[in-house]
Amino acid sequence: MAQTSLLSTGSRFSTLPENYIRPESERPRLSEVVPLKVPLIDLDSSKDREEIIRQIGHACRDFGLFQVTNHGISTESTQKMFAIAREFFHLPVEEKMRYYSDDPSKKMRLSTSFNVKKEKVHNWRDYLRLHCYPLEEFVNDWPTTPQSFKDVVSNYCREVRELGFKLLGAISESLGLQRDYIERVLGEQGQHMAMNYYPPCPQPDLTYGLPAHTDPNAITILLQDHHVAGLQVLKEGKWTAVDPHPNSLVINIGDQIQALSNGRYKSVWHRAIVNSNKERISVASFLCPENDAVIAPAKKLTSEESPAIYRNFTYDEYYKKFWSRNLDDEHCLELFK
Ligand SMILES: O=C(O)CCC(=O)C(=O)O
Ligand SMILES: [Fe+2]
(Lines give C-alpha, C1' and ligand atoms only; values in the text may rest on other atoms or scores of the structure.)
(Ligands and ions follow the chains in the order given, each with its own letter.)
Protein backbone atom coordinates (compact mmCIF):
# COMPACT_ATOMS: atom_id res chain seq x y z
CA MET A 1 0.00 0.00 0.00
CA ALA A 2 1.52 3.34 -1.08
CA GLN A 3 0.40 4.89 2.18
CA THR A 4 2.89 3.01 4.29
CA SER A 5 5.77 4.75 2.52
CA LEU A 6 5.98 7.85 4.75
CA LEU A 7 9.24 7.94 6.69
CA SER A 8 8.03 10.14 9.54
CA THR A 9 6.26 7.36 11.38
CA GLY A 10 7.78 8.07 14.78
CA SER A 11 9.98 4.99 14.79
CA ARG A 12 13.64 4.98 13.87
CA PHE A 13 15.09 2.77 11.15
CA SER A 14 18.10 0.63 12.07
CA THR A 15 19.01 -0.24 8.49
CA LEU A 16 18.34 1.42 5.19
CA PRO A 17 15.53 -0.37 3.33
CA GLU A 18 16.69 -1.80 0.02
CA ASN A 19 14.58 0.48 -2.16
CA TYR A 20 16.51 3.53 -0.90
CA ILE A 21 19.96 2.16 -1.76
CA ARG A 22 21.55 3.81 -4.78
CA PRO A 23 23.72 1.78 -7.11
CA GLU A 24 27.43 2.23 -6.34
CA SER A 25 28.03 4.74 -9.18
CA GLU A 26 25.23 7.08 -8.03
CA ARG A 27 26.12 7.39 -4.36
CA PRO A 28 26.95 10.77 -2.78
CA ARG A 29 30.65 9.98 -1.95
CA LEU A 30 30.40 12.19 1.10
CA SER A 31 34.09 11.95 1.98
CA GLU A 32 34.99 13.75 -1.27
CA VAL A 33 32.70 16.76 -0.68
CA VAL A 34 34.51 20.03 0.05
CA PRO A 35 33.15 23.13 1.83
CA LEU A 36 31.94 26.04 -0.32
CA LYS A 37 32.17 29.72 0.50
CA VAL A 38 28.79 30.83 -0.78
CA PRO A 39 28.43 34.58 -1.39
CA LEU A 40 26.70 36.17 1.60
CA ILE A 41 24.85 39.30 0.54
CA ASP A 42 23.60 41.86 3.04
CA LEU A 43 20.32 43.27 1.72
CA ASP A 44 20.14 46.06 4.33
CA SER A 45 18.27 48.78 2.46
CA SER A 46 20.50 51.53 3.82
CA LYS A 47 23.37 49.96 1.84
CA ASP A 48 24.43 51.09 -1.63
CA ARG A 49 21.94 49.47 -4.04
CA GLU A 50 24.39 49.46 -6.94
CA GLU A 51 26.81 47.43 -4.86
CA ILE A 52 24.11 44.93 -3.83
CA ILE A 53 23.14 44.48 -7.49
CA ARG A 54 26.77 43.97 -8.45
CA GLN A 55 27.15 41.27 -5.78
CA ILE A 56 23.93 39.56 -6.87
CA GLY A 57 25.08 39.55 -10.52
CA HIS A 58 28.41 38.05 -9.57
CA ALA A 59 26.75 35.34 -7.43
CA CYS A 60 24.21 34.43 -10.14
CA ARG A 61 26.93 34.12 -12.76
CA ASP A 62 29.52 32.24 -10.78
CA PHE A 63 27.47 30.22 -8.31
CA GLY A 64 23.80 30.16 -9.24
CA LEU A 65 23.06 30.67 -5.57
CA PHE A 66 23.77 32.98 -2.66
CA GLN A 67 22.76 33.55 0.94
CA VAL A 68 21.10 36.76 2.06
CA THR A 69 20.95 38.49 5.44
CA ASN A 70 18.81 41.45 6.47
CA HIS A 71 16.27 39.99 4.07
CA GLY A 72 13.25 41.48 5.82
CA ILE A 73 11.84 38.24 7.24
CA SER A 74 11.97 38.34 11.01
CA THR A 75 13.72 35.71 13.09
CA GLU A 76 10.43 35.23 14.92
CA SER A 77 8.76 34.33 11.65
CA THR A 78 11.45 31.85 10.55
CA GLN A 79 11.54 30.24 13.99
CA LYS A 80 7.80 29.80 13.97
CA MET A 81 8.09 28.12 10.56
CA PHE A 82 10.62 25.61 11.84
CA ALA A 83 8.50 24.92 14.90
CA ILE A 84 5.34 24.39 12.86
CA ALA A 85 7.10 22.12 10.36
CA ARG A 86 8.61 20.05 13.15
CA GLU A 87 5.27 19.75 14.90
CA PHE A 88 3.57 18.77 11.67
CA PHE A 89 5.98 15.97 10.81
CA HIS A 90 5.85 14.73 14.40
CA LEU A 91 2.06 14.33 14.28
CA PRO A 92 0.84 10.73 14.53
CA VAL A 93 1.09 9.05 11.15
CA GLU A 94 -2.70 8.38 10.97
CA GLU A 95 -3.34 12.10 11.39
CA LYS A 96 -0.88 13.05 8.66
CA MET A 97 -2.19 10.43 6.23
CA ARG A 98 -5.32 12.54 5.73
CA TYR A 99 -3.13 14.78 3.61
CA TYR A 100 -1.20 12.09 1.74
CA SER A 101 -1.14 11.88 -2.05
CA ASP A 102 1.23 10.68 -4.76
CA ASP A 103 -0.40 12.84 -7.41
CA PRO A 104 1.91 15.77 -8.35
CA SER A 105 -1.02 17.78 -9.74
CA LYS A 106 -2.62 18.13 -6.26
CA LYS A 107 -2.37 21.64 -4.82
CA MET A 108 -1.88 20.48 -1.26
CA ARG A 109 -0.36 17.15 -0.42
CA LEU A 110 1.91 15.31 1.90
CA SER A 111 4.17 12.89 0.14
CA THR A 112 7.51 11.19 0.38
CA SER A 113 10.72 10.93 -1.65
CA PHE A 114 10.10 12.83 -4.94
CA ASN A 115 7.78 11.11 -7.39
CA VAL A 116 7.10 7.73 -5.78
CA LYS A 117 5.02 6.34 -8.60
CA LYS A 118 7.73 6.98 -11.22
CA GLU A 119 11.08 6.53 -9.52
CA LYS A 120 12.96 3.27 -8.98
CA VAL A 121 15.00 4.25 -5.94
CA HIS A 122 13.42 6.38 -3.23
CA ASN A 123 14.82 9.37 -1.38
CA TRP A 124 15.07 9.83 2.39
CA ARG A 125 12.58 12.67 2.62
CA ASP A 126 8.95 13.38 3.45
CA TYR A 127 7.49 16.63 2.22
CA LEU A 128 4.40 18.75 2.43
CA ARG A 129 3.72 20.66 -0.75
CA LEU A 130 1.44 23.69 -0.76
CA HIS A 131 0.28 26.16 -3.36
CA CYS A 132 0.48 29.56 -1.68
CA TYR A 133 -0.71 32.23 -4.10
CA PRO A 134 -3.30 33.65 -4.09
CA LEU A 135 -3.49 32.64 -0.44
CA GLU A 136 -7.30 32.93 -0.19
CA GLU A 137 -7.65 30.33 -2.89
CA PHE A 138 -5.59 27.68 -1.13
CA VAL A 139 -5.42 28.32 2.59
CA ASN A 140 -8.73 26.60 3.36
CA ASP A 141 -7.35 23.28 2.19
CA TRP A 142 -4.17 23.47 4.25
CA PRO A 143 -3.66 21.27 7.30
CA THR A 144 -5.76 22.18 10.30
CA THR A 145 -3.20 20.78 12.72
CA PRO A 146 -1.08 22.12 14.34
CA GLN A 147 -3.65 24.75 15.18
CA SER A 148 -1.56 27.76 14.21
CA PHE A 149 -0.41 26.19 10.93
CA LYS A 150 -2.47 28.39 8.62
CA ASP A 151 -1.56 31.66 10.39
CA VAL A 152 2.14 31.00 10.66
CA VAL A 153 2.54 29.70 7.12
CA SER A 154 0.36 32.42 5.51
CA ASN A 155 2.36 35.10 7.22
CA TYR A 156 5.66 33.60 6.12
CA CYS A 157 4.38 33.22 2.54
CA ARG A 158 3.52 36.91 2.33
CA GLU A 159 6.94 37.91 3.60
CA VAL A 160 8.73 35.55 1.24
CA ARG A 161 6.81 36.85 -1.74
CA GLU A 162 7.83 40.40 -1.00
CA LEU A 163 11.48 39.35 -0.70
CA GLY A 164 11.20 37.35 -3.93
CA PHE A 165 10.01 40.38 -5.91
CA LYS A 166 12.80 42.51 -4.47
CA LEU A 167 15.31 39.90 -5.60
CA LEU A 168 13.81 39.53 -9.07
CA GLY A 169 14.10 43.32 -9.50
CA ALA A 170 17.75 43.24 -8.48
CA ILE A 171 18.44 40.23 -10.73
CA SER A 172 16.82 42.06 -13.68
CA GLU A 173 18.96 45.12 -13.09
CA SER A 174 22.09 43.03 -12.68
CA LEU A 175 21.49 41.75 -16.21
CA GLY A 176 21.26 45.32 -17.53
CA LEU A 177 17.46 44.98 -17.92
CA GLN A 178 14.78 47.24 -16.49
CA ARG A 179 14.00 46.51 -12.86
CA ASP A 180 10.54 45.18 -13.69
CA TYR A 181 11.55 43.21 -16.81
CA ILE A 182 11.53 39.74 -15.24
CA GLU A 183 8.37 40.44 -13.26
CA ARG A 184 6.58 41.49 -16.44
CA VAL A 185 7.66 38.38 -18.35
CA LEU A 186 6.73 36.00 -15.52
CA GLY A 187 3.25 37.50 -15.16
CA GLU A 188 1.05 36.84 -12.14
CA GLN A 189 3.50 34.51 -10.46
CA GLY A 190 2.49 31.44 -8.60
CA GLN A 191 4.12 30.51 -5.30
CA HIS A 192 4.62 26.99 -4.05
CA MET A 193 6.17 25.67 -0.89
CA ALA A 194 7.88 22.42 -0.04
CA MET A 195 8.35 21.73 3.66
CA ASN A 196 11.03 19.08 3.63
CA TYR A 197 11.59 16.67 6.47
CA TYR A 198 14.67 14.44 6.42
CA PRO A 199 14.67 12.00 9.34
CA PRO A 200 17.94 10.59 10.68
CA CYS A 201 19.13 8.00 8.20
CA PRO A 202 20.94 4.80 9.14
CA GLN A 203 23.24 4.87 6.09
CA PRO A 204 23.57 8.40 4.69
CA ASP A 205 26.32 7.45 2.26
CA LEU A 206 24.01 5.12 0.31
CA THR A 207 21.12 7.46 -0.41
CA TYR A 208 19.91 11.05 -0.76
CA GLY A 209 17.39 13.37 0.82
CA LEU A 210 17.02 14.76 -2.69
CA PRO A 211 19.34 13.76 -5.54
CA ALA A 212 21.01 16.30 -7.84
CA HIS A 213 18.52 18.56 -9.57
CA THR A 214 17.94 22.11 -10.70
CA ASP A 215 14.74 23.89 -9.71
CA PRO A 216 12.31 24.27 -12.63
CA ASN A 217 10.91 27.64 -11.52
CA ALA A 218 12.36 31.20 -11.50
CA ILE A 219 13.92 31.55 -8.05
CA THR A 220 13.76 29.50 -4.86
CA ILE A 221 14.06 30.93 -1.38
CA LEU A 222 15.27 28.25 1.00
CA LEU A 223 15.04 28.40 4.74
CA GLN A 224 17.25 25.82 6.38
CA ASP A 225 18.17 25.04 9.94
CA HIS A 226 21.65 26.47 10.44
CA HIS A 227 22.43 23.74 12.98
CA VAL A 228 21.98 20.89 10.50
CA ALA A 229 23.72 21.24 7.15
CA GLY A 230 22.64 19.15 4.18
CA LEU A 231 22.51 21.32 1.07
CA GLN A 232 25.26 20.68 -1.46
CA VAL A 233 25.88 22.32 -4.82
CA LEU A 234 27.87 21.38 -7.88
CA LYS A 235 30.68 23.87 -8.46
CA GLU A 236 33.18 23.35 -11.25
CA GLY A 237 32.30 19.69 -11.45
CA LYS A 238 32.74 19.04 -7.70
CA TRP A 239 30.10 18.57 -5.03
CA THR A 240 30.49 21.20 -2.34
CA ALA A 241 28.72 21.72 0.99
CA VAL A 242 26.86 24.93 1.81
CA ASP A 243 27.54 26.08 5.34
CA PRO A 244 24.24 27.59 6.53
CA HIS A 245 24.73 31.10 7.90
CA PRO A 246 22.53 31.98 10.91
CA ASN A 247 19.50 34.14 10.09
CA SER A 248 20.13 33.84 6.39
CA LEU A 249 18.12 32.44 3.50
CA VAL A 250 19.54 30.65 0.49
CA ILE A 251 18.51 31.95 -2.94
CA ASN A 252 18.68 29.47 -5.83
CA ILE A 253 18.57 30.52 -9.44
CA GLY A 254 16.09 28.26 -11.24
CA ASP A 255 15.76 27.12 -14.85
CA GLN A 256 13.55 30.04 -15.94
CA ILE A 257 16.18 32.64 -15.03
CA GLN A 258 18.76 30.60 -16.92
CA ALA A 259 16.49 30.68 -19.99
CA LEU A 260 15.58 34.39 -19.67
CA SER A 261 19.21 35.38 -19.20
CA ASN A 262 20.18 33.34 -22.26
CA GLY A 263 22.43 31.17 -20.15
CA ARG A 264 24.36 34.02 -18.46
CA TYR A 265 23.00 32.93 -15.12
CA LYS A 266 23.04 29.23 -14.34
CA SER A 267 20.34 27.37 -12.51
CA VAL A 268 22.36 25.58 -9.92
CA TRP A 269 22.64 21.80 -9.59
CA HIS A 270 22.01 21.01 -5.96
CA ARG A 271 21.12 18.07 -3.74
CA ALA A 272 20.20 17.41 -0.13
CA ILE A 273 22.13 14.80 1.78
CA VAL A 274 21.05 13.21 5.03
CA ASN A 275 22.82 12.35 8.26
CA SER A 276 22.64 9.58 10.81
CA ASN A 277 21.79 11.44 14.00
CA LYS A 278 19.70 14.56 13.44
CA GLU A 279 16.46 15.24 11.65
CA ARG A 280 16.75 18.08 9.17
CA ILE A 281 14.04 20.52 8.12
CA SER A 282 14.12 22.90 5.20
CA VAL A 283 11.40 25.07 3.71
CA ALA A 284 11.67 25.86 0.03
CA SER A 285 9.51 28.63 -1.44
CA PHE A 286 9.32 28.61 -5.21
CA LEU A 287 8.30 31.64 -7.27
CA CYS A 288 6.91 30.30 -10.54
CA PRO A 289 5.90 32.04 -13.76
CA GLU A 290 2.19 31.99 -14.53
CA ASN A 291 1.25 29.02 -16.70
CA ASP A 292 0.80 31.06 -19.89
CA ALA A 293 3.96 33.11 -19.46
CA VAL A 294 6.12 32.79 -22.55
CA ILE A 295 9.72 32.32 -21.55
CA ALA A 296 12.40 33.36 -24.00
CA PRO A 297 15.92 34.75 -23.78
CA ALA A 298 15.65 38.55 -23.29
CA LYS A 299 16.22 40.33 -26.65
CA LYS A 300 18.77 42.61 -25.04
CA LEU A 301 20.84 39.57 -24.07
CA THR A 302 20.99 38.06 -27.53
CA SER A 303 23.09 39.22 -30.47
CA GLU A 304 24.63 37.83 -33.62
CA GLU A 305 27.56 36.51 -31.59
CA SER A 306 25.36 35.12 -28.84
CA PRO A 307 22.08 34.03 -30.41
CA ALA A 308 19.17 32.73 -28.34
CA ILE A 309 20.15 29.37 -26.86
CA TYR A 310 16.61 28.32 -25.97
CA ARG A 311 13.41 28.28 -27.93
CA ASN A 312 10.30 30.03 -26.65
CA PHE A 313 8.08 27.94 -24.42
CA THR A 314 5.28 28.41 -21.95
CA TYR A 315 5.87 27.63 -18.30
CA ASP A 316 3.01 25.17 -18.40
CA GLU A 317 4.81 23.17 -21.08
CA TYR A 318 8.06 23.27 -19.12
CA TYR A 319 6.55 22.25 -15.79
CA LYS A 320 4.73 19.27 -17.29
CA LYS A 321 7.96 18.08 -18.88
CA PHE A 322 9.81 18.52 -15.58
CA TRP A 323 7.40 16.34 -13.59
CA SER A 324 7.28 13.67 -16.31
CA ARG A 325 10.96 12.91 -15.76
CA ASN A 326 13.17 11.67 -12.98
CA LEU A 327 14.57 14.40 -10.75
CA ASP A 328 18.20 13.59 -11.53
CA ASP A 329 17.90 13.19 -15.32
CA GLU A 330 19.75 15.63 -17.60
CA HIS A 331 19.00 19.35 -17.24
CA CYS A 332 15.37 19.82 -18.36
CA LEU A 333 16.34 23.01 -20.27
CA GLU A 334 18.43 20.88 -22.61
CA LEU A 335 15.10 19.73 -24.06
CA PHE A 336 14.11 23.31 -24.95
CA LYS A 337 17.06 24.31 -27.15
O1 LIG B 1 16.58 20.68 1.64
C2 LIG B 1 17.35 21.31 0.92
O3 LIG B 1 18.38 21.85 1.33
C4 LIG B 1 17.08 21.43 -0.56
C5 LIG B 1 15.62 21.37 -0.93
C6 LIG B 1 15.41 21.52 -2.40
O7 LIG B 1 16.33 21.56 -3.18
C8 LIG B 1 14.05 21.58 -2.96
O9 LIG B 1 13.06 21.44 -2.20
O10 LIG B 1 13.93 21.81 -4.19
FE1 LIG C 1 15.72 22.22 -5.17
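A residue counts as buried if 20 or more other C-beta atoms lie within 10 Å of its own, and as exposed if 12 or fewer do. Keep that in mind for helix 2. The face of helix 2 turned away from its buried side carries the exposed residues Thr75, Glu76 and Gln79. The model is a predicted one.

**The whole protein**

The protein holds eight helices and 15 strands. Its radius of gyration is 19 Å, and the globule rule gives 20 Å for 337 residues, so the protein is as compact as a globular protein of that length. The C-alpha trace spans about 60 × 45 × 35 Å along its principal axes. Of the 337 residues, 41% are buried. Now take the contacts between residues at least 6 apart in sequence: 77% of them join residues at least 24 apart.

**The sheet**

Eight strands form an open sheet, with mixed pairing. Their order is 2-3-11-8-13-6-5-4. Strands 2 and 4 stand at the edges, each with a single partner strand, so one side of each has no neighbour in the sheet. From one strand to the next, the twist averages 25 degrees.

Strands of a sheet pair through backbone hydrogen bonds, either parallel or antiparallel. Strand 3 and strand 11 pair in the antiparallel sense, over four bridges. Gln67 stands opposite Val250 in strand 11.

Helix 2 packs on this sheet. The strands that helix 2 touches are these:

| Strand | Residues |
|---|---|
| Strand 5 | 126-131 |
| Strand 6 | 190-198 |
| Strand 8 | 219-224 |
| Strand 13 | 280-288 |

The direction of helix 2 makes about 110 degrees with that of strand 13.

**Helix 2 up close**

Helix 2 covers residues 75-89. How far apart are the end C-alpha atoms of helix 2? They are 21 Å apart. At 1.5 Å a residue, the 15 residues should span 21 Å, which agrees.

Which residues of helix 2 are buried? They are Thr78, Met81, Ile84, Ala85, Phe88 and Phe89. Seen down the axis of helix 2, the buried residues fall within an arc of 125 degrees, so they line one face of the helix. These buried residues pack against strand 5, strand 6, strand 8 and strand 13, and also against helix 5, residues 149-174. Thr75, Glu76 and Gln79 are on the face turned away from that buried side.

Terms used:
Residues numbered from 1 in each chain as written. Chains lettered and ligands numbered in written order. Predicted model: local features only at pLDDT ≥ 70, side-chain atom pairs only at ≥ 80, totals over all residues. Pairing = 2+ DSSP bridges. Helix = DSSP H or I, 4+ residues; strand = E, 2+ residues; numbered from the N terminus. Axes fitted to C-alpha atoms, helices over the stretch in contact; angles between N-to-C directions. Contact = placed C-beta atoms within 7 Å. Rg over C-alpha atoms; globule rule 2.2 N^0.38 Å. Expected span 1.5 Å × (residues − 1). Arc of directions from axis to C-beta.
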